[in-house]
Each structure stands twice: as C-alpha cells, then as structure tokens.
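Biologist: I have a chain in front of me and want the reasoning behind its labels. Can you walk me through them?

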Amino acid sequence: MSSLKQVVCSFILLLPISLSSFANEPITQSENPKIFADNKPIAIDADNQQIDIENNTITFIGNVVIVQEGLTIKADKVVITEMQDTEKQKITAYGNPVNYKQILPKNNKVVTGHSSQVIYNVKQNNIVLQGNAELFQQDNHIISDQITYDVKKQQIFAQPGKNGRVKSTIIPNQVKEMSK
C-alpha cells in the first residue's frame, strides 16, 4: 500500500478531537490524525477534512488546530499541499484571524502572532503571517501587512502593504535576554 493511501486510511479511521484554546492540555498523538513534516509528527484536529489523492492535498475545515513540537496554529481552514514531497510541503491556514504560537526550544521563550493567513513552509522552517499581521515576543511587538519569521535562524522580516508602514515596539533588555 502506498504511503499516501496509508495516510488516507489512517485519517479515515481516526476521529478528530475538538480543542478550543491554547490553554488546553496537549493531546496525545494516539488521539489525533498525524502527518509527518520535517520528520516531526504534526497532529491536526478539525471539524471536517477533505483528501484529494490525485492532487496530493488535504484540507481541514472548521476549528482547525495544528500542533507540531512546540508550534500551534489555530485557523478556520487549513490546506496542506505536497504531502509526499517534504521539499515542497506547505501548510496554509486561513482565518479571521489565524493564531500562531511557538515555544522556542533553545530558551523556552514564547512567540505568538495572528494574521488573516499563515503559511508554514516546512522545509525552510519559516512562518509567513499575511494580512493584518502582528507578532509578539514578550513585550516586543511588530505590526505589518506581512511578517516572515525564520524559526531556525530566529530572524524576522516585516514588509508593509500598499502605502503602509511597519510598526515595532522593542524592549532592548528583553532582546538581549532572548538570545541567551
């Protein structure tokens, strides 16, 4: 049986469990459908899902919660493309807003954000927040139309929309502490 068919069968057999907030206890992986990205399991919980075998995509709709090793994304709709090609695999979340939370493994600092759309490029390990994007790390705060966050390098690049500006609040002492 091909690996995509195995994924499809496991998704059909497992029932999603609803989560309502970041404060909930983490779910055990045996309770959730799983896919693997960057060799780390991704647990996904949603009201509905659609699998398109021919186009190699999975769509989750309604109260979608994605958890992968310290990363949580909450959205109204999530589309995962290129399931079988980790070089191209991408998770795109849509919502009003999409909420993003990550606990940085190096120092256990929390980064949160929200925007109209969040794109997680699995291979590059970066998060792109688009449309009314805001990113918070302690009291440091960035507002822009688009914010790209490179998780591995811990670098942020913000771009304004048309006639817009990038707004930031930076607390120098906290920035120094984050790098420890």
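Modeller: Start with one term: contact means heavy atoms within 4.5 Å. This is a predicted model. Among contacts in the protein chain between residues at least 6 apart in sequence, 39% join residues at least 24 apart.

Biologist: What makes Lys 77 a charge over the ring of Tyr 94?

Modeller: The cut-off from the ring centre is 6 Å, with an angle limit of 35 degrees from the ring normal. The charged end of Lys 77 lies 5.8 Å from the centre of the Tyr 94 ring and sits over it. So the distance is within the 6 Å limit.

Biologist: How many aromatic pairs does a search of the whole structure find?

Modeller: Zero. A pair needs ring centres within 6.5 Å, so no two rings meet that limit.

Biologist: Why is the set with Phe 60 and Ile 66 called a nonpolar core?

Modeller: Such a set holds buried residues of listed types, Phe and Ile among them, joined through side-chain atoms within 4.5 Å. The largest one here has 30 residues. Those with the most contacts inside it include Phe 60, Ile 66 and Ile 91. Strands giving two or more residues include β2 (40–45), β5 (71–81) and β9 (140–150). The largest share, five residues, comes from β5.

Biologist: Which residues does Ile 91 contact, leaving aside neighbours within four places in sequence?

Modeller: Among them are Ile 42, Ile 66, Val 78 and Val 118.

Biologist: What share of the 180 residues counts as buried?

Modeller: 41%. Buried means under 20% relative accessible area, so that share falls under the cut-off.

Conventions
Residues numbered from 1 in each chain as written. Predicted model: local features only at pLDDT ≥ 70, side-chain atom pairs only at ≥ 80, totals over all residues. Heavy atoms only, no water. Buried < 20%, exposed > 50% of the residue type's maximum accessible area, 1.4 Å probe, protein only. Helix = DSSP H or I, 4+ residues; strand = E, 2+ residues; numbered from the N terminus. Phe/Tyr/Trp six-rings, centres within 6.5 Å; stacked < 30°, edge-to-face > 60°.
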